[in-house]
Amino acid sequence: MQALDTNSGRAVYWGTGRRKSAVARVRLVPGTGQMTVNGKPGDLYFQFNANYLGVIKAPLETLGLENEYDILVKAEGGGLTGQADSVRLGVARALCQLDPENRPPLKTEGYLTRDPRAKERKKYGLHKARKAPQYSKR
C-alpha cells in the first residue's frame, strides 16, 4: 500500500518482516540508498557483521534498485541476525507494494518466504529441548 509522507509529500512503501522473535517495520522512501535502523545509520547498527547489510539489501540488488530508495527501519526483539532477516523480508514486501511486477523475481530468490524456524521449547526431565541428563548403567 502506498502512502504519502506527511513531511515531504514523497511516496512511502512499507512492509513488515518477522524472524524468530524479531519484528521489523520497514519503510521505503525514494532517496539515495541510505539505511536507518532505530534512528542510527545501518552500518553502525549492524557493525559487528558486514554480511547483515548485504542480506538486507539483497532484494533491492535483485531488482537493481539499491541506490533509488532509502530504507527506514524500526526493529524490535531478537538478536541482530533475526533482525537482519526480518528487515530483508520487510524490504521485499515493500518492493511488492511498489510494483506487483517485482513479485516473481523476489519469489524465485526466496525473499518473500518467512523463515519458520524458531527455538524449540524445553521439555521436563531434560536440560534443554533435547539434551538429556548423562546416562550411566551402574
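In this predicted model, helix α2 is followed by G64. The phi of G64 is positive, near 75°.

Helix α2 itself spans residues 51–63 and has 13 residues. From first C-alpha to last, α2 reaches 19 Å. That is close to the 18 Å expected at 1.5 Å a residue. The helix nevertheless carries a kink of about 50° at K57. The kink lies shortly before the proline P59.

Several residues of α2 are buried: Y52, I56, A58, P59 and L60. P59, the proline that follows shortly after the kink, is thus among the buried positions. The cover over the buried residues of α2 includes the strands β4 (35–37) and β6 (69–76). It also includes the helices α3 (80–98) and α4 (103–109).

Y52 also takes part in aromatic packing. The structure holds 2 aromatic pairs. In one, the ring centres of Y45 and F46 lie 5.0 Å apart. Their planes meet at 85°, so this pair is edge-to-face. Y45 is buried, with a relative accessible area of 17%, under the 20% cut-off. F46 is buried as well, at a relative accessible area of 1%.

The other pair joins F46 to Y52 of α2. Here the ring centres are 5.7 Å apart. The planes stand at 65°, so the F46–Y52 pair is also edge-to-face. Both F46 and Y52 are buried. Through these ring pairs, Y45, F46 and Y52 are linked into a cluster.

Note on methods:
Residues are numbered from 1 along each chain as its sequence is written. This is a predicted model: local features need pLDDT of at least 70, side-chain atom pairs count only at pLDDT 80 or more; totals for chains, interfaces and linings use all residues. Side-chain values use heavy atoms; hydrogens and water are left out. Rings of Phe, Tyr and Trp (its six-membered ring) pair if their centres lie within 6.5 Å; planes under 30 degrees apart count as stacked, over 60 as edge-to-face and the rest as tilted. Buried means under 20% relative accessible area, exposed over 50%, partly exposed in between (1.4 Å probe, protein chains only). Helices (H or I, at least four residues) and strands (E, at least two) are DSSP runs, numbered from the N terminus. The expected span of a helix is 1.5 Å times one less than its number of residues. The bend at a residue is the angle between axes fitted to the seven residues ending there and the seven starting there. Contact means heavy atoms within 4.5 Å.
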